[in-house]
Amino acid sequence: MRTHSRFTLWSVAALLGLGVTLANPSWAAAPGGAPGGAAANAPGGSGRVSFAEDVFPILQNRCLECHKTGAPGLAFSGLNLETYEGLMQGTRFGPVVVPGNSMVSNLNVLVEGRAGIRMPHNRKRLTACEIEILRNWVNQGAKNN
Ligand code: HEC
């Protein structure tokens, strides 16, 4: 049972700028929840993750459609996922990646369905494998590698 710790983490995430979604936290009912809560805190995770080889292809396939110049996700949130710099810059409310800490990074919170909204918006959720790649990459320091 991680209800308490998740609640605390959620509060932290909210403080970091996800306040928008606080009104309807659906994380409590998320099927399966965030896989591997404990593992998610482990620095590194299993295997080195590369931004160019592992992370960017996921963003390209699943996020860029809406988070590029002229698309609604960029227009509404300010989050431009065309480049590493854009990802690290985050939304107009602040960063979505906290290097080394996937538990409070909105990038991970959203794709794992830990918030009231999930990304990709209105699309099939990421696979467990894609979610893990993003989590490990953040926990390994979110490097442009
Ligand atoms: C079908 C369009 C669409 C896709 C695909 C999509 N997004 Fe979004 N995204 C949006 C829209 C629209 C917003 C702004 C409105 C909102 O926050 O709900 C947004 C907002 C966000 C935010 C900011 C949320 C906040 O409130 O701070 C993040 C982070 C994000 N998206 C990440 C992603 C990631 C990562 C992917 C791919 C896994 C992705 N999005 C795919 C449309 C999309």
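This is a short tour of the structure above, stop by stop.

**Whole chain**

Start with the protein chain in cartoon view. The model is predicted. Count 7 helices and 0 strands. Read along the sequence, the pattern is α-α-α-α-α-α-α. The chain has 145 residues, and 37% of them are buried. Now consider contacts between residues at least 6 apart in sequence: 60% of these join residues at least 24 apart.

**The nonpolar core**

Select V55, V97, L107, V111, L134 and W137. These residues have the most contacts inside the largest nonpolar core, which has 27 residues. Next, color α3 (51–62), α6 (106–111) and α7 (128–139), since each of these helices supplies at least two residues of this core. Which helix gives the most to this core? It is α7, with 5 residues.

Stay on V55 for a moment. Leave out residues up to four places away in sequence, and V55 touches V49, I133, L134 and W137.

**Helix α3**

Select α3 and pick out V55, I58, L59 and R62, its buried residues. Look down the axis of α3. These residues cover an arc of only 95 degrees around it, so they sit on the same side of the helix. Turn to the face pointing away from that buried side. There you find the exposed residues A52, E53, P57 and N61. Now bring α7 back into view: the cover over the buried residues of α3 includes α7.

**Helix α7**

Select α7 on its own. Its 12 residues should span 16 Å at 1.5 Å a residue, and its end C-alpha atoms are 16 Å apart, which agrees. Show the surroundings again. The rest of the structure largely encloses α7, because 9 of its 12 residues are buried. The buried set is I131, E132, I133, L134, R135, N136, W137, V138 and N139. Then step past the end of the helix. Just after α7, G141 has a positive phi of about 110 degrees.

**Helix α5**

Move to α5 (residues 84–89) and select M88, which lies in this helix. Is M88 buried or partly exposed? M88 is partly exposed, because 13 other C-beta atoms lie within 10 Å, while a buried residue needs 20 or more. Set aside neighbours within four places in sequence, and M88 is in contact with P95 and V97. V97 appeared earlier, among the core residues with the most contacts. Draw a distance from M88 to A142: their C-alpha atoms are separated by 8.6 Å, although the two are 54 residues apart along the chain.

Now select E85, also placed in α5. E85 is exposed, because 9 other C-beta atoms lie within 10 Å and the limit for an exposed residue is 12 or fewer. Draw a second distance, from E85 to N144. C-alpha to C-alpha, they are 8.8 Å apart in space, and 59 residues apart in sequence.

**Around the ligand**

Finish at the ligand, with 27 residues around it. Which of them come nearest? Select C63, C66, G73, F76 and M119. Then color α1 (3–18), α4 (72–77) and α6, the elements that give two or more residues to the shell around the ligand. Note that α6 also supplies at least two residues of the nonpolar core. Last, color the shell by residue type: 16 are nonpolar, 8 polar and 3 charged.

Technical notes
Residues are numbered from 1 along each chain as its sequence is written. This is a predicted model: local features need pLDDT of at least 70, side-chain atom pairs count only at pLDDT 80 or more; totals for chains, interfaces and linings use all residues. A nonpolar core is a set of buried Ala, Val, Leu, Ile, Met, Phe, Trp, Tyr and Cys residues joined through C-beta atoms within 7 Å. Helices (H or I, at least four residues) and strands (E, at least two) are DSSP runs, numbered from the N terminus. Two residues are in contact if their C-beta atoms, placed from the backbone, lie within 7 Å. A residue is near a molecule or strand if its C-beta atom, placed from the backbone, lies within 6 Å of it. Ala, Val, Leu, Ile, Met, Phe, Trp, Tyr, Cys and Pro count as nonpolar, Asp, Glu, Lys and Arg as charged, and the others, Gly among them, as polar. The arc is that of the directions from the helix axis to the C-beta atoms. The expected span of a helix is 1.5 Å times one less than its number of residues.
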